[in-house]
Amino acid sequence: MEAGGAAEEGVMRVLLVDDSPVDRKVVQLVLGSNTFAGSFHVIAVDSAKKAMEFLGLKDGKEQAIDMVLTDYCMPEMTGYDLLKAIKAMSSLKPIPVIVMSSENEPQRISRCLKAGAEDYIVKPLQTKDVPRLRCCSNARPKDPSCDDAVSGSKLPADHVVVEGASSPGRRAHLTEIAMVLHSSSAGLSHYFPFLFKFILLVYAILCLGELLHRWSNGSFLSLW
C-alpha cells in the first residue's frame with residue numbers, strides 16, 4: 001500500500017485502486033502536481049481486495065475516505081465488482097466511486113453508471129479531469145461551478161461526462177445515451193460489408209469502362 005501521512009482537514013482523501021504501477025504513478029503525479037499541491041491525500045493499493053480491506057468492507061470498520069478512484073480491469077476482483085461492493089455498504093454517507101478505463105465502451109460505461117458510479121474517466125487521468133473529481137467527492141458541498149467542470153463542451157470527445165451524478169434521473173439519462181451510442185455503432189457495422197461490396201462493384205465498372213474505351217480506340221492490345 002502506498003500512502004502518505006494522515007490527511008489534513010480540507011484535504012480530499014482519495015483511495016486509488018489500480019493494478020498498474022505506471023497508472024498509479026500517473027494519478028499520483030497529476031494530483032500531487034504544483035497546481036493541486038496540498039489538495040489531495042492519495043492512498044494507493046494494487047488490487048480491489050486490498051481496497052476492500054482498507055475500507056473495512058470485510059470487518060465492518062469503515063475508513064474515512066472522500067472518494068474511490070478505481071481501474072475497471074483488474075485480476076481476481078474487477079473495479080466493477082469493487083464498485084458494487086462499495087455501493088452495497090449501509091452507510092449514511094456513501095462513498096463516491098469514479099471508474100477509470102483505457103476503453104471508451106458505451107456498454108461498459110452504461111454498466112458502471114447503472115451500478116452507481118459517479119463518473120467514468122478514460123485513462124490516462126489528466127489535469128483537466130481533476131475538477132470532475134472534486135465535484136464527485138464527499139470532501140466539500142456541491143459547488144455550482146461543478147456544472148461547468150463537467151460540461152461536455154469543455155472536455156474532449158473521448159471522455160464521458162456525468163452531469164449532476166448525485167441525481168439518479170440524470171445518471172439514467174446518461175445511461176440511455178450510452179446505450180443509444182452502442183446500438184448505433186452496432187447498426188452501422190452491419191452495413192460495412194455492403195458498403196465494401198458496393199465500392200468493389202464501382203471499381204469493377206470503372207475498370208470495365210476503361211477497357212471498353214481502349215478497345216474502341218484500337219489501343220486494347222497495347223495493354224498486353
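1. What is the mean pLDDT of the protein, and what percentage of its residues reach 70 or more? The model is a predicted one, with a mean pLDDT of 76, and 64% of the residues reach 70 or more. A reader should take note of residues 150-167, over which the pLDDT is below 50, although this stretch has 40 contacts in the model beyond near neighbours in sequence.

2. On the overall layout, the secondary structure comes to 7 helices and 6 strands, and along the sequence these elements follow the pattern β-β-α-β-α-β-α-β-α-β-α-α-α. The protein has 224 residues, of which 39% count as buried. Among the contacts with a separation of 6 or more, 66% are accounted for by residues 24 or more positions apart.

3. The largest nonpolar core holds 29 residues, and the members that touch the most others within this core are Leu15, Val68 and Leu82. At least two residues each are supplied by strands S2, S3 (40-45), S5 and S6 (119-122), and by helices H2, H3 and H4; H2 gives the most, with 5 residues. Separate from this core is a second one of 19 residues, which includes Val30, Phe36, Val42 and Met67.

4. Helix H3, which spans residues 79-87, has Gly79, Tyr80, Leu82, Leu83 and Ile86 as its buried residues. These residues are on the same side of H3, because they cover an arc of only 160° around the axis. The elements that cover them include strand S2 (12-17), helix H2 (48-55), strand S4 (67-71), strand S5 (97-101) and helix H4 (106-114). Leucine 82, one of the buried residues of H3, touches Val17, Ala48, Ala51, Met52, Val68, Thr70 and Met77 when residues up to four places away in sequence are not counted.

5. Helix H1 can be read in a similar way, beginning with its buried residues, which are Arg24, Val27, Val30 and Leu31. Seen down the axis of H1, the buried residues fall within an arc of 130°, and they therefore line one face of the helix. On the face turned away from this buried side, H1 carries Pro21, Val22 and Leu29 as exposed residues.

6. Just ahead of this helix, serine 20 lies in the loop between S2 and helix H1 (21-31). The side chain of serine 20 reaches the backbone nitrogen of aspartate 23 at 3.2 Å. Serine 20 can also be placed relative to valine 45, from which it is 25 residues away in sequence and 9.9 Å away in space, C-alpha to C-alpha.

7. How many aromatic pairs does the count come to? The count comes to 2 aromatic pairs. In one pair, the rings of phenylalanine 36 and phenylalanine 40 have centres 6.3 Å apart and planes at 80°, so this pair is edge-to-face; phenylalanine 36 and phenylalanine 40 are both buried. In the other, the rings of tyrosine 72 and tyrosine 80 have centres 6.5 Å apart and planes at 45°, so this pair is tilted. Tyrosine 72 and tyrosine 80 are likewise both buried, and Tyr80 is also among the buried residues listed for H3.

Definitions and conventions: Residues numbered from 1 in each chain as written. Heavy atoms only, no water. Buried < 20%, exposed > 50% of the residue type's maximum accessible area, 1.4 Å probe, protein only. Helix = DSSP H or I, 4+ residues; strand = E, 2+ residues; numbered from the N terminus. Arc of directions from axis to C-beta. Contact = heavy atoms within 4.5 Å. Polar contact = N/O pair within 3.5 Å; in protein donor to acceptor, adjacent residues only side chain to side chain. Core = buried A, V, L, I, M, F, W, Y, C linked by side-chain atoms within 4.5 Å. pLDDT = per-residue confidence, 0-100. Phe/Tyr/Trp six-rings, centres within 6.5 Å; stacked < 30°, edge-to-face > 60°.
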